[in-house]
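User: Please take a close look at the metal site of this model. Then place that site in the rest of the chain.

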Amino acid sequence: MLPLSRRDWLCTATAGTLGWIGPGLFAAPEKPRKARIAITLDLEMSAQYPKREQTEWNYEKGNLDDATKRYSVEAAKRAKELGGVIHFFCVGRVLEHPSVDWLKQIAADGHAVGNHTYDHVNVKATKPEETQFRFQRAPWLVEGLTAREIIDRNIRVTTKALKARAGIEVNGFRTPGGFNNGLTDKPDVQQMLLDQGFTWVSSKYPAHLYGKVGETPTADIFESIVKAQADAQPFVYPSGLIEVPMSPISDVGAFRSTRWSLDAYLKAIRLAIEWAIENRAVFDLLVHPSCLVVEDPDFRIVRLICELVRTAGDRAEIVTLDKIAATIGK
Ligand SMILES: [Zn+2]
């Protein structure tokens, strides 16, 4: 769907968020009427999954295994059945596989698919070898290109591959890795994305506490995660690019890095979403099917989120990130 035009938005705003109080007069912005909750799954392999010693994925992030594809399809199906929708971000190399029917099906069912670069490159890299492990081991693949050219091409060909191989129109861009300051320090990367036709990016992941590895997270950890939600709200960069941050805590941060239990993760997500609903704010879940296929085989995270939003009634809705971006900074 097209984003709201300015005129449509003004009509909506007049009816709601700005509080129309007379011809040409607007009161201070009120809280949006609904919290906007997004469920995002990054389609890539994650190091240490499905087995701890598996780190070769760092060189082939887009070489999805069948279990990860099945989990993605099933998560999309379950979310839809429960009234939700999922925003996927696809590493382009996935599209080299013999079949991409599973991804086509996800898109046909109304879920969004965005660009996550072709090889999972670091968009802030300044040297070719810093862009991705694959290019460290096989530098001849990028001979002659600067880091900036590698990054630009890595994003551009993913948009093309999604269209050419799966007939999917790209829906937004998420940076591999999250940055505490988003792209604030990288106006050139903001411009690169704008030049490629993107109006929004999901690159910011605010700082928060994780606790000690292997220990049950304590109250101050949950508190820190809830507090970080205010720092994970959408905004507009001076360039005009819109940022829709990722909301802590990510699955790999909790399960892989800190060895949380699923129950601890569910608690953190519940508290964060309750904060978002109370404040009519945005919550943008960041998870990876390659990790959840091991850590959450029964889809409890997706089910919990759909249930929290259903219970919230008209105070919350599950949306894709483009819908959130369409309401920011107009
Ligand atoms: Zn990623």
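Analyst: His120 is buried, with a relative accessible area of 16%. The cut-off for buried is under 20%, so His120 qualifies. Keep in mind that the model is predicted. His120 sits in the loop between E5 and H4. Its backbone stands out: phi is positive, about 65°, although His120 is not a glycine.

His120 is also a zinc donor, through NE2. The other protein donors are Glu44, through OE, and His116, through NE2. The three lie 2.0 to 2.1 Å from the zinc ion. Water is not among the atoms, so the site may look incomplete.

Now the spacing. Along the sequence the donor residues follow the pattern E-x71-H-x3-H. Glu44 belongs to the loop between strand E3 (35-43) and helix H2 (66-81), while His116 belongs to the loop between strand E5 (112-115) and helix H4 (128-131). The pair therefore ties together parts that are 72 residues apart in sequence. Glu44 and His116 are both buried.

The loop of Glu44 has another feature. Pro50 is placed in the loop between E3 and H2. A cis peptide bond joins Tyr49 to Pro50, with omega about 0°.

A second cis peptide bond is found between Pro248 and Ile249. Here omega is about 10°. Ile249 lies in the loop between strand E9 (242-243) and helix H9 (251-257).

Back to phi. Arg280 is not a glycine, yet its phi is positive, about 50°. Arg280 is in the loop between helix H10 (262-278) and strand E10 (282-287).

Next, a helix pair. Helix H6 covers residues 147-166 and helix H7 covers residues 187-195. Their axes come within 11 Å and cross at roughly 35°. The crossing of H6 with H7 is right-handed. On the H6 side, the contact is made by Arg148, Ile151, Asp152 and Ile155. On the H7 side, Asp188, Met192 and Leu193 meet them. By type, the residues of this contact divide into four nonpolar, no polar and three charged.

Leu194 is in helix H7 as well. At 25% relative accessibility, Leu194 counts as partly exposed. Leaving aside residues up to four places away in sequence, Leu194 touches Ser239 and Leu241. Its C-alpha atom is 24 Å from that of Leu95, and the two residues are 99 apart along the chain.

Finally, the whole chain. The count is 13 helices and 11 strands. For 330 residues, a compact globule would have a radius of gyration near 20 Å. The chain has 20 Å, which agrees. Along the principal axes, the C-alpha atoms fill a box of roughly 65 × 45 × 35 Å. Of the 330 residues, 51% count as buried. Among contacts with a separation of 6 or more, 74% come from residues 24 or more positions apart.

To return to the site: the zinc ion has Glu44, His116 and His120 as its protein donors. His120 combines a buried position with a positive phi.

Terms used: Residues are numbered from 1 along each chain as its sequence is written. This is a predicted model: local features need pLDDT of at least 70, side-chain atom pairs count only at pLDDT 80 or more; totals for chains, interfaces and linings use all residues. Side-chain values use heavy atoms; hydrogens and water are left out. Donors are N, O and S atoms within 2.8 Å of the metal (3.2 Å for Na, K and Ca); water is not among the atoms, so sites may look incomplete. Helices (H or I, at least four residues) and strands (E, at least two) are DSSP runs, numbered from the N terminus. Buried means under 20% relative accessible area, exposed over 50%, partly exposed in between (1.4 Å probe, protein chains only). Axes are lines fitted to C-alpha atoms, for helices over the stretch in contact, and angles run from 0 to 180 degrees between N-to-C directions. A crossing is left-handed if the near helix is turned anticlockwise from the far one by less than a right angle, and right-handed if clockwise. Contact means heavy atoms within 4.5 Å. Ala, Val, Leu, Ile, Met, Phe, Trp, Tyr, Cys and Pro count as nonpolar, Asp, Glu, Lys and Arg as charged, and the others, Gly among them, as polar. The radius of gyration is taken over C-alpha atoms; the globule rule is 2.2 Å times the number of residues to the power 0.38.
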